[in-house]
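Hi,

Here's the structure I promised to pass along. Have a look at it first, and then read on for what turned up.

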Amino acid sequence: EMAAAAGAAAAAGLWSEVNRCGQNGDFARALKSVNKILQINKDDVTALQCKVVCLIQNGNFKEALGVINTHAKVLTSDIIAFEKAYCEYRLNRIESALKTIQSASQQTDKLKELYGQVLYRLERYDDCLAAYRDLIRNSQDEYEEERKTNLSAVVAAQSTWEKVVPEDLGLREATYELCYNSACALIGQGKLSEAMKKLQKAEELCRQSLSEDSDVTEEDIEAELAIIHGQMAYIMQLQGRTEDALQLYNQIIKLKPTDVGLLAVIANNIITINKDQNVFDSKKKVKLTNAEGVEHKLSKKQLQAIEFNKALLAMYTNQADQCRKLSASLQSQSPEHLLPVLIQAAQLCREKQHAKAVGLLQDFADQHPANAAEIKLTMAQLKIAQGSVTKACMILRSIEELQHKPGMVSALVTMYSHEEDIDSAIEVFTQAIQWYQQYQARTNHGCCVFQPKSPVHLSLIREAANFKLKHGRKKEAISDLEELWKQNPKDVHTLAQLISAYSLVDPEKAKVLSKHLPSSDTMSLKVDVDALENSHGATYVRKKAAKLTGDNQQKEQGQGEVKKKKKKKKGKLPKNYDPKVTPDPERWLPMRERSYYRGRKKGKKKDQVGKGTQGSTTTGSSELDASRTASSPPTSPRPGSGAAVSATSNVIPPRHQKPAGAPATKKKQQQKKKKGAKGGW
């Protein structure tokens with residue numbers, strides 16, 4: 001009995017210690033006291049509960065969950081449901097946490113709060129929104145602002161990932177968190193300018209809020225603003241301001257934020273900016289996306305986008321095996337997704353295996369008919385790249401849901417025209433027109449009343465008619481033109497085309513139709529003739545016509561006043577002009593066309609001065625003797641002689657004489673020059 005009493009007294013003292021430590025927040029010391037109590041009574045339910053709480057407060061979630069599971073008989077779900085679910089949530093066992101919450105017999109406020117968090121992590125946004133609305137409606141405590149922040153985060157996630165237009169919750173954006181979430185919702189709607197303004201407001205509120213605390217440094221404020229700046233950079237990237245976005249992204253990375261999710265998103269966005277350029281930088285940034293815990297910080301779509309970009313980067317860096325491995329893994333995770341198979345096909349094309357790429361795409365189209373249209377468009381593009389235009393057309397025509405679209409019709413007609421397959425092009429038009437006729441019959445429910453055709457339908461008929469007329473298929477164009485004229489009998493242009501087509505096929509029919517053409521009286525325009533004649537253009541034409549008429553009359557009759565002509569100024573004559581000397585008759589011809597032109601002489605040097613030894617001349621004295629030159633036979637002037645034979649006078653002034661040959665060295669002398677001789681001295 002005394003031992004029992006001593007034990008009870010010791011336990012009471014320990015409980016007092018636990019209570020005091022709990023109030024002071026010293027859970028490490030409290031845990032020691034709880035362990036001593038459990039040594040006295042290992043199945044003490046209260047002590048076990050306290051131990052679990054102390055472990056949770058110290059961040060030992062795995063150990064706390066171990067205690068709960070070990071003592072499952074004592075710690076039933078009614079007693080410890082919240083603590084167990086919270087440990088599972090913090091250990092990222094989200095599905096287990098959901099089961100624990102749902103199995104609890106009583107849904108306390110704490111469990112409801114945790115339930116909302118669990119639903120958000122599971123991306124069940126509709127259920128999450130309902131849970132938080134219920135909490136806000138039925139709770140009145142100091143955590144109301146936090147619940148509203150979580151509610152706005154759910155709305156932002158719906159807008160971003162599910163493209164749901166968010167409803168106005170009437171939340172007052174008094175905090176930077178609420179402002180930030182509102183901006184994210186606007187980004188999801190594509191309202192980028194409004195979102196940027198919200199983010200700027202969030203930044204301002206964040207600075208104001210944190211600057212009030214004297215313990216917060218400027219570095220702490222910048223770290224808190226990192227996520228806001230990251231979202232700003234994302235908006236810049238979406239707006240095409242890639243340089244500004246890249247600069248802001250790199251600034252955030254330099255701050256080394258502790259949020260691995262933020263770093264992973266920024267690194268991924270930088271990789272998308274780099275694309276197939278700056279690959280070395282992209283390979284460094286990929287490491288940030290592989291950090292531990294990233295998978296628990298980001299949504300499924302964010303993680304999927306990062307994996308897609310890893311596969312593309314592997315392709316750009318010529319890591320074919322890695323690319324195939326990543327894309328195959330992605331395809332197994334999301335068999336219906338297009339991107340993995342497109343990446344595999346692109347990799348095969350880089351390896352020049354186009355046929356294999358087309359086969360891969362065809363298999364995917366057969367297995368997933370819902371996505372066949374986009375895949376077949378890619379197949380057609382590959383066929384065009386290989387030069388198989390006809391096969392590409394066949395693939396495009398197999399996409400039934402796009403056959404009638406104007407863009408598809410235009411593309412097919414253009415491609416068939418390029419291949420000079422006019423019959424197939426006309427067939428494309430016919431099928432599209434028939435589709436619209438059947439569609440109109442379905443919408444009218446078999447009603448026989450005349451219904452006007454849709455603008456797209458009429459446009460296709462007109463294009464078909466014009467195409468047939470252009471390629472000489474007038475008989476085939478007649479039915480289309482008649483249909484158009486029936487829809488609009490006042491269309492004179494269509495009627496004229498119809499008459500033109502019938503004129504070659506059925507002239508009598510053309511005459512009958514021509515009666516429907518408007519008369520010249522109805523077609524005449526009300527024009528102010530006086531105003532037209534007095535216009536600037538008409539006045540100019542009238543004056544010009546009158547001038548021409550007057551000149552003709554003067555020439556014919558030789559009468560009338562002759563308009564005074566302006567005197568031409570005499571051209572200036574050269575200073576040494578001599579009227580007695582006959583000018584050179586070939587002076588107006590280009591030098592090359594003159595009879596005395598002997599071609600350009602190379603190596604012009606006056607009188608060959610400087611050749612040989614100093615003081616000597618290469619020109620012989622006989623060449624300088626005028627008497628010998630006069631007695632020599634009348635041959636063509638020698639190069640370098642300084643005078644030419646003339647039939648009119650011995651002295652010819654400059655500008656009138658034939659140009660004398662310029663002194664130059666002989667070609668033979670230049671050619672004989674030895675390779676080793678450099679310089680003339």
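Let's start with the outside. The accessible surface of the chain comes to about 45000 Å², and carbon and sulfur atoms hold 52% of that area. Bear in mind as you look around that this is a predicted model.

Now for the overall make-up. You'll find 33 helices in the chain and zero strands. There are 681 residues, and 32% of them are buried. As for how the chain meets itself, take the contacts with a separation of 6 or more: 50% of these join residues that sit 24 or more positions apart.

Two glutamates are worth a visit.

Go to E146 first, in helix α9, which covers residues 144-161. On the surface there's a patch of negative charge, and E146 belongs to it together with E142, E145, E177 and E224. Why can E146 count towards such a patch? Its relative accessible area is 43%, so E146 is partly exposed, and a patch takes residues with over 30% relative accessible area and no salt bridge.

Then try E83, which lies in helix α5 (residues 77-90). This glutamate is buried and yet has no salt bridge. Which side chain of opposite charge is nearest to E83? That would be K110, 4.5 Å away, whereas a salt bridge needs the nitrogen and the carboxyl oxygen within 4 Å. If you leave out neighbours within four places in sequence, E83 is in contact with V52, V53, I56 and I68, as well as with K110.

Enjoy exploring!

Conventions
Residues are numbered from 1 along each chain as its sequence is written. This is a predicted model: local features need pLDDT of at least 70, side-chain atom pairs count only at pLDDT 80 or more; totals for chains, interfaces and linings use all residues. Side-chain values use heavy atoms; hydrogens and water are left out. Helices (H or I, at least four residues) and strands (E, at least two) are DSSP runs, numbered from the N terminus. Buried means under 20% relative accessible area, exposed over 50%, partly exposed in between (1.4 Å probe, protein chains only). Contact means heavy atoms within 4.5 Å. Accessible areas come from the Shrake-Rupley method with a 1.4 Å probe; for residues, only the protein chains shown count as cover. Patches are made of residues with over 30% relative accessible area and no salt bridge: like charges are joined within 9 Å, nonpolar side chains (Val, Leu, Ile, Met, Phe, Trp, Tyr) within 5 Å. Lys and Arg count as positive and Asp and Glu as negative; His and the chain ends are not counted. The place of a charge is taken as NZ of Lys, CZ of Arg, CG of Asp or CD of Glu.
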